[in-house]
Amino acid sequence: MSATAGQAGEVQSLADRLNIESGQVVMEVGYDDDVAVDLRDAIIERVEELVDEDTDEVCDAVLLWWRDEDGDLVDVLVDVRTPLAESGVVWLLVPKAGRDGHIEPSDIAEAAQTVGLQQTSNVNAGKDWIATRLVSPKVGRR
């Protein structure tokens with residue numbers, strides 16, 4: 001098995017761990033040239049295309065690439081909640097500790113709580129990124 005084939009399997013497994021399924025509408029916010037391209041490509045392969053923040057569609061998931069210098073996390077979380085399905089999930093992708101743009105977990109938790117989201121888990125999203133799963137509290141979901 002080549003290194004490339006092994007890496008592709010790891011990325012596919014990560015897309016599975018994000019619970020991104022074929023047919024879902026996935027919105028992407030904060031794309032830049034520093035994102036985890038392998039992860040992004042695997043998700044696009046699964047859903048065919050990502051929609052942007054101007055979509056009128058109800059979204060099953062949001063991929064939110066966010067760095068410390070990107071502004072106010074609370075504001076963007078409010079914005080991405082608007083098109084999110086009641087049972088939808090926000091995957092907040094931030095640079096890992098020690099990398100430029102890293103956001104402290106306590107800041108993520110505070111921002112999520114401020115907009116009424118709960119942090120449920122973290123997933124290694126590649127060499128430079130960590131993904132935090134944010135959802136509406138169960139009492140607010142059906």
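The exercises below work through the fold, sheet, helix packing and selected residues of a predicted model.

Residues are numbered from 1 along each chain as its sequence is written, and side-chain values use heavy atoms, with hydrogens and water left out. In this predicted model, local features need pLDDT of at least 70 and side-chain atom pairs count only at pLDDT 80 or more, while totals for chains, interfaces and linings use all residues.

**Exercise 1. The chain as a whole**

Task: State which elements the chain has, in what order they run, and what percentage of its residues is buried.

Solution.
Step 1. Helices (H or I, at least four residues) and strands (E, at least two) are DSSP runs, numbered from the N terminus. The chain has four helices and five strands.
Step 2. Read from the N terminus, the order is α-β-α-β-α-β-α-β-β.
Step 3. Buried means under 20% relative accessible area, exposed over 50%, and partly exposed in between (1.4 Å probe, protein chains only). Of the 142 residues, 42% are buried.
Step 4. A contact means heavy atoms within 4.5 Å. Among contacts between residues at least 6 apart in sequence, 71% join residues at least 24 apart.

**Exercise 2. The sheet**

Task: Find the strand order of the sheet and say which strands stand at its edges.

Solution.
Step 1. Two strands pair if DSSP finds at least two bridges between them. The five strands make an open sheet in the order 1-2-3-5-4, with mixed pairing.
Step 2. Strand 1 (26-29) and strand 4 each have a single partner strand, so they stand at the edges and one side of each lacks a neighbour in the sheet.
Step 3. From one strand to the next, the twist averages 20 degrees. (Axes are lines fitted to C-alpha atoms, for helices over the stretch in contact, and angles run from 0 to 180 degrees between N-to-C directions.)
Step 4. Strand 4 and strand 5 pair in the antiparallel sense over six bridges. Gln-119 stands opposite Leu-134 in strand 5.
Step 5. Helix 2 (residues 37-47) packs on the sheet and touches strand 1, strand 2 and strand 3, its direction making about 165 degrees with that of strand 2. Helix 4 also packs on the sheet, touching strand 3, strand 4 and strand 5, and its direction makes about 140 degrees with that of strand 4.

**Exercise 3. Two sides of helix 4**

Task: Sort residues of helix 4 into buried and exposed, and explain why the buried residues share a side.

Solution.
Step 1. In helix 4 (residues 105-114), the buried residues are Ile-108, Ala-111 and Ala-112.
Step 2. They cover an arc of only 100 degrees around the axis, so they lie on the same side of helix 4. The arc is that of the directions from the helix axis to the C-beta atoms.
Step 3. An α-helix has 3.6 residues a turn, so residues three or four places apart point the same way.
Step 4. The face turned away from the buried side carries the exposed residues Glu-110, Gln-113 and Thr-114.
Step 5. The cover over the buried residues of helix 4 includes helix 3 (73-81), strand 3 (84-95), strand 4 (118-124) and strand 5 (129-135).
Step 6. Just after helix 4, Gly-116 has a positive phi of about 80 degrees.

**Exercise 4. An aromatic pair**

Task: Name the geometry of the aromatic pair and the strands that hold its two residues.

Solution.
Step 1. Rings of Phe, Tyr and Trp (its six-membered ring) pair if their centres lie within 6.5 Å; planes under 30 degrees apart count as stacked, over 60 as edge-to-face and the rest as tilted. A search of the whole structure finds one such pair.
Step 2. The ring centres of Trp-65 and Trp-129 are 5.0 Å apart and the planes stand at 85 degrees, so the pair is edge-to-face.
Step 3. Trp-65 lies in strand 2 (residues 59-65) and Trp-129 in strand 5, so the pair ties together parts 64 residues apart in sequence.
Step 4. Trp-65 is buried, with a relative accessible area of 0%; Trp-129 is buried too, at 3%.

**Exercise 5. Two loop residues**

Task: Decide whether Asn-19 and Glu-48 are buried, partly exposed or exposed.

Solution.
Step 1. Asn-19 lies in the loop between helix 1 (3-17) and strand 1. Asn-19 is partly exposed, with a relative accessible area of 49%.
Step 2. Glu-48 lies in the loop between helix 2 and strand 2. Glu-48 is exposed, at 69%.
Step 3. Neither residue is a glycine, yet phi is positive in Asn-19, at about 60 degrees, and in Glu-48, near 80 degrees.
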